[in-house]
Every structure is written in C-alpha cells, then in structure tokens.
Amino acid sequence: MKIVSLQSVGLGTYFSGNEDETTYSPTLYTVGDRIERVGYFDNGNEPKVTEINYQQGDFDAYGFEIYTVHTSDGHIRVLPADKYIAEWSE
C-alpha cells in the first residue's frame, strides 16, 4: 500500500478574487502532480510530487505522526498527520 494523495483538513490556501470575495481551498498533494504556488503563474517548471510517506515515531517520550511529501526538485515537505487525510492505493 502506498499513499497517492493528501488533502488538508481545517487548513487551506487563501485566495482572494476581489475585495468582496475571499475563499479558502483545501491543500491537495497528489503523486505526479505539480506543486501549485499561490501568487505565481504556471510556467511548467513547478516541481512535481514524486512520493508521499507516512511516518510515526517516538522522540523524547512524545509520539509524532507525520506525512512527508517528496518533490522532483529534491525538497521534502513535513506535514502533521492529524491535519491531512491520505488516499491509499496498492
């Protein structure tokens, strides 16, 4: 089983279309898709999500659960597991 996407719960990206309208959209990471950056035009050079992993551990008696989102440019985003819902596939 592997994770194919993550969607935020209670978090999101802020979008403002105009002064009268403001919306929040959930953050979505999908393996194979590009990372969207708010405020930047799509020029085709945005990094793609290469893999998403789930990790849990024990650090100084405090347990933690995280997702790591790996991108094609070598970066890793560390996200709290309690703020995201994962879609798993075989």
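I started at tyrosine 54, which sits in strand β5, residues 49-59. The model I am reading is predicted.

Next I looked up how open this position is. Tyrosine 54 has 31% relative accessibility, so I enter it as partly exposed; that class lies between the buried limit of under 20% and the exposed limit of over 50%. I then checked for a surface patch. Tyr54 joins Met1 and Trp88 in a nonpolar patch of about 360 Å².

I turned to serine 8. Which strand holds serine 8? I find serine 8 in strand β1, which covers residues 2-8. Is serine 8 buried or exposed? Its relative accessibility is 5%, and serine 8 therefore goes down as buried.

I listed the contacts of serine 8, skipping neighbours within four places in sequence. They are Pro26, Thr27, Lys83 and Tyr84. For Thr27 I also noted a polar pair: a polar atom of the serine 8 side chain lies 2.8 Å from the backbone nitrogen of threonine 27.

Last, I went over the protein chain as a whole. I count eight strands and zero helices, and from the N terminus the order reads β-β-β-β-β-β-β-β. The protein chain has 90 residues, of which 22% are buried; serine 8 is one of the buried residues. The exposed area of the protein chain is about 6800 Å², with 48% of it supplied by carbon and sulfur atoms. Among contacts with a separation of 6 or more, I noted that 37% join residues 24 or more positions apart.

Notes: Residues numbered from 1 in each chain as written. Predicted model: local features only at pLDDT ≥ 70, side-chain atom pairs only at ≥ 80, totals over all residues. Heavy atoms only, no water. Patch = residues over 30% accessible without salt bridge, like charges linked within 9 Å, V, L, I, M, F, W, Y side chains within 5 Å. Areas by Shrake-Rupley, 256 points an atom, 1.4 Å probe, with all protein chains shown as cover. Salt bridge = Lys/Arg side-chain N within 4 Å of Asp/Glu carboxyl O. Helix = DSSP H or I, 4+ residues; strand = E, 2+ residues; numbered from the N terminus. Buried < 20%, exposed > 50% of the residue type's maximum accessible area, 1.4 Å probe, protein only. Contact = heavy atoms within 4.5 Å. Polar contact = N/O pair within 3.5 Å; in protein donor to acceptor, adjacent residues only side chain to side chain.
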